Amino acid sequence: MFAAERRQLILEMVRANGAVSLRELARVVQTSEVTVRRDVRALEAEGLLDRRHGGAVLPGGFTRESGFPQKSHLASAEKTAIADLAAGLVDEGEAIVVGAGTTTQELARRLARVPGLTVVTNSLLVAQALAHANRVEVVMTGGTLRGSNYALVGSGAEQSLQGLRVSRAFLSGSGLTAERGLSTSNMLSASVDRALVQAAAEVVVLADHTKLGTDTMFQTVPTDVITRLVTDEPPAHDDRAATELQALADQGVQIAVAGGAAGPGQGPGVDPVPTGRQPRRDVPLPGQRRGHGGQGPQLRSAAVLGDQQSGERAARVADLRRR
């Protein structure tokens, strides 16, 4: 493939998907990531796209949201590894909430093997993945169907979450930065995600490396509310993703890297960064003050449902694992 043909295909992929990783671009155009990176620089110089951490996005700052068919083919191997790791955080008999997204859909497929679970979700895809699971109760929110990601949104979804209390919330999004936290491109989705956060004692974010350092329009979970991030190993050249991971760890987020060495008392691949942070008992919505306005909604009975090319980068990753 000539360089001009390759760059045209890269540009078409970015325009169709909003954001594409270098790894995925290299796979599609059947060349090395070094060559793709050179192509992306050339296209950026022409103002046709913007380079981001390990990938390329539409020009203009904030990325737009991709539809489900496009998202489902992006970083699929990474999402699978993240889902495998995140599933190990769930214990038998827990009550959890799982938000909408392709990564959380992968998680749900693995949760089908955890007996006694109660899963609250606004995602039709998550519910479908669990529909035939033995001894897993699925509770759907109300709301209006948003066809682009098969999620229930709106006031009906938010109201159905009032009074709910569960142990953990598993959420995905369009971008994650240490400065602003998790964000998404759609206002209605962001609002429901905030309601899911409100219902959980701990918040676990599932985000592959292409989302690290990406900022989108609507904040869903501030960094100080995120208990743990489950992500994949960034490519060797992606120093900025490693820097973002370190910044998140410095702000108290526990980091679990899929494929990392197991830490003491952890499952395979779990690479925690101890922070001393205790599990949350009252997780406020963005903008609310902690401990203000009384106690949060209490966990109801289980029967009812209540209850991270350069040595500097390698050193940062190694430091994260040692901690």
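Axes here are lines fitted to C-alpha atoms, for helices over the stretch in contact, and angles run from 0 to 180 degrees between N-to-C directions. Helices (H or I, at least four residues) and strands (E, at least two) are DSSP runs, numbered from the N terminus. The model is predicted: local features need pLDDT of at least 70, side-chain atom pairs count only at pLDDT 80 or more, and totals for chains, interfaces and linings use all residues. Residues are numbered from 1 along each chain as its sequence is written, and side-chain values use heavy atoms, with hydrogens and water left out.

**Stop 1: two helices that cross**

Select helix α5, residues 76-87. Add helix α6, residues 102-111. Their axes come within 8 Å and cross at roughly 50 degrees. That makes α5 oblique to α6. The angle classes are these: under 35 degrees is roughly parallel, over 145 roughly antiparallel, 65 to 115 roughly perpendicular, and the rest oblique. The crossing of α5 past α6 is right-handed. A crossing is right-handed if the near helix is turned clockwise from the far one by less than a right angle, and left-handed if anticlockwise.

Now show the side chains. From α5, pick K79, T80, I82, A83, D84, A86 and A87. They meet T102, T103, E106, L107, R110 and L111 of α6. Contact means heavy atoms within 4.5 Å. By class, this contact has 6 nonpolar, 3 polar and 4 charged residues. Ala, Val, Leu, Ile, Met, Phe, Trp, Tyr, Cys and Pro count as nonpolar, Asp, Glu, Lys and Arg as charged, and the others, Gly among them, as polar.

Stay on α6. It is largely enclosed by the rest of the structure, because 9 of its 10 residues are buried. Buried means under 20% relative accessible area, exposed over 50%, and partly exposed in between (1.4 Å probe, protein chains only). The buried residues are T102, T103, T104, Q105, E106, L107, A108, R110 and L111.

Go back to α5 and click A77. A77 is exposed, with a relative accessible area of 58%. Then select D208, 131 residues from A77 along the chain. The C-alpha atoms of A77 and D208 are separated by 9.8 Å.

**Stop 2: the parallel sheet**

Show strands in the order β6-β5-β4-β9-β12-β14-β15. These 7 strands form an open sheet, and the pairing is parallel. Two strands pair if DSSP finds at least two bridges between them. The edge strands are β6 (136-140) and β15 (254-258), each pairing on one side only. From one strand to the next, the twist averages 20 degrees.

Helix α5 packs on this sheet, touching β9, β12, β14 (228-232) and β15. The direction of α5 makes about 140 degrees with that of β14.

Zoom in on β9 (residues 166-171) and β12 (residues 200-206). They run parallel, joined by 5 bridges. L171 stands opposite V205 in β12.

Move to β4, residues 95-98. Both of its faces are covered. A95 and V97 lie on one side, I96 and V98 on the other, and all are buried. Add β5, residues 117-121. β4 and β5 pair in the parallel sense over 4 bridges. V98 stands opposite T121 in β5.

**Stop 3: the antiparallel sheet**

Select β1, β3 and β2. These 3 strands form an open sheet in the order β1-β3-β2, with antiparallel pairing. β1 (19-21) and β2 (50-52) stand at the edges with a single partner strand each, so one side of each is left without a neighbour in the sheet. Neighbouring strands are turned by 25 degrees against each other on average, direction ignored.

Look between β2 and β3 (residues 55-57), which are joined by 3 bridges. R52 stands opposite G55 in β3.

Now add helix α2, residues 22-29. α2 packs on the sheet, touching β1 and β3. Its direction makes about 75 degrees with that of β1.

**Stop 4: α2 against α3**

Select helix α3, residues 33-45. α2 and α3 pack at an angle of about 105 degrees, with their axes 9 Å apart. That makes α2 roughly perpendicular to α3. L22, R23, L25, A26 and V29 of α2 make the contact with E33, V36, R37 and V40 of α3. It has 6 nonpolar, no polar and 3 charged residues.

**Last stop: two loop residues**

Most residues other than glycine have a negative phi. Click Q30, in the loop between α2 and α3. Phi of Q30 is positive, near 60 degrees. Q30 counts as exposed, at 75% relative accessibility.

Finish at Y150, in the loop between β7 (144-146) and β8 (151-153). Phi of Y150 is also positive, near 55 degrees. Y150 is partly exposed, with a relative accessible area of 35%.
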